[in-house]
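Please walk through this protein step by step, beginning with one pair of facing residues and moving outward to the strands, the core and the loops.

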Amino acid sequence: MMRMTGQEWVSIGTLHDIPQRGARCVRNGDMTIAVFRTADDRVFAMEDKCPHRAGPLSQGIVHDGCVTCPLHNWIISLETGRAQGADEGGTATFAVRLEGQRILLALPCGSAAAVAESCDHG
Ligand code: FES
């Protein structure tokens with residue numbers, strides 16, 4: 001039997017909902033996913049959890065295809081979720097794409113109903 005890795009594209013808002021070089025958070029069950037927008041309007045998504053000590057990457061600074069964790073300044077690649085430089089570790093990434101201005105996030109099938117947008121950057 002063929003196994004399918006079931007994913008579905010879930011609309012999570014528009015590009016304008018995210019400040020340039022910023023992020024917004026999407027809840028998916030127990031997980032918070034940070035969706036980032038770069039200065040040149042590319043979007044990336046990864047778990048909002050630094051591989052070092054689980055710092056909130058959504059509150060970090062976006063630069064050069066990376067985000068710097070607000071807690072201890074680890075630099076995480078937005079594309080791969082991997083820590084850069086001498087630091088080791090990684091964060092789960094999610095496929096995300098733009099359809100016009102609309103942002104679509106790939107989530108495992110069935111989890112879409114659990115998605116509720118929240119944006120607590122306080
Ligand atoms: S928790 Fe991110 S650098 Fe320490």
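**From one bridge to the whole fold**

Valine 35 has its bridge partner in β4, and that partner is alanine 45. This pair belongs to a predicted model, and it is a convenient place to begin, since both residues come up again further on. The two strands concerned, β3 and β4, pair in the antiparallel sense over five bridges. They form a hairpin with five residues between the strands, and within that hairpin aspartate 41 takes a positive phi near 65 degrees.

On its other side in the sequence, β3 has a second partner to consider, for β2 and β3 also pair in the antiparallel sense, here over seven bridges. One of the pairs that can be picked out is glycine 22 with arginine 37, the latter being the bridge partner in β3. β2 and β3 too form a hairpin, with two residues between them, and glycine 29 in the turn has a positive phi of about 65 degrees. As background to these pairings, strands of a sheet pair through backbone hydrogen bonds, in either a parallel or an antiparallel manner.

With this part in view, the whole protein can be described. It has zero helices and 11 strands, and the pattern along the sequence is accordingly β-β-β-β-β-β-β-β-β-β-β. Of the 122 residues in the protein, 30% are buried. Among the contacts with a separation of 6 or more, 48% are between residues 24 or more positions apart.

Where do the buried nonpolar residues gather, and which of them touch the most other members of the core? The largest nonpolar core has 26 residues, and those touching the most other members are Ala34, Val35, Phe36, Ala45, Ile76 and Leu105. At least two residues of this core are supplied by each of β2 (22-28), β3 (31-37), β4 (43-47), β6 (66-68) and β10 (102-108). The largest share, four residues, comes from β3. That strand is mostly covered, with five of its seven residues buried. In soluble globular proteins, nonpolar side chains tend to be buried together.

Alanine 45, the residue that faces valine 35 across the bridge, shows which parts of the chain meet here. Leaving aside its neighbours within four places in sequence, alanine 45 is in contact with Ile33, Ala34, Val35, Thr93, Phe94, Val96 and Leu105. Valine 43 also lies in strand β4, and, with residues up to four places away in sequence not counted, it touches Val35, Phe36, Arg37, Val96, Leu98 and Ile103. The C-alpha atoms of valine 43 and valine 96 are separated by 6.8 Å, although the two residues are 53 residues apart along the chain. Valine 43 nevertheless counts as partly exposed, because 19 other C-beta atoms lie within 10 Å, whereas a buried residue needs 20 or more.

Two further groups of strands can be followed as open sheets. One has three strands in the order β1-β10-β9, with antiparallel pairing. Its edges are β1 (7-14) and β9 (96-99), each of which has a single partner strand, so one side of each is left without a neighbour in the sheet. The twist in this sheet averages 35 degrees from one strand to the next. Six bridges join β1 to β10, and valine 10 stands opposite leucine 105 in β10; leucine 105 is also one of the core residues that touch the most other members.

The other open sheet, again of three strands, has the order β5-β6-β7, and its pairing is antiparallel. β5 (61-63) and β7 (75-77) are the edge strands, each pairing on one side only, and the twist averages 30 degrees from one strand to the next. β6 and β7 pair over three bridges, and the bridge partner of valine 67 in β7 is isoleucine 76.

Lastly, two loop residues deserve a look for their backbone angles. Most residues other than glycine have a negative phi. Alanine 54, in the loop between β4 and β5, has a positive phi near 65 degrees, and this residue counts as partly exposed because it has 13 C-beta neighbours inside 10 Å. Asparagine 73, in the loop between β6 and β7, likewise has a positive phi, of about 65 degrees, although it is not a glycine. Asparagine 73 is exposed, since 12 other C-beta atoms lie within 10 Å.

How values were computed
Residues are numbered from 1 along each chain as its sequence is written. This is a predicted model: local features need pLDDT of at least 70, side-chain atom pairs count only at pLDDT 80 or more; totals for chains, interfaces and linings use all residues. Two residues are in contact if their C-beta atoms, placed from the backbone, lie within 7 Å. A nonpolar core is a set of buried Ala, Val, Leu, Ile, Met, Phe, Trp, Tyr and Cys residues joined through C-beta atoms within 7 Å. Two strands pair if DSSP finds at least two bridges between them. Axes are lines fitted to C-alpha atoms, for helices over the stretch in contact, and angles run from 0 to 180 degrees between N-to-C directions.
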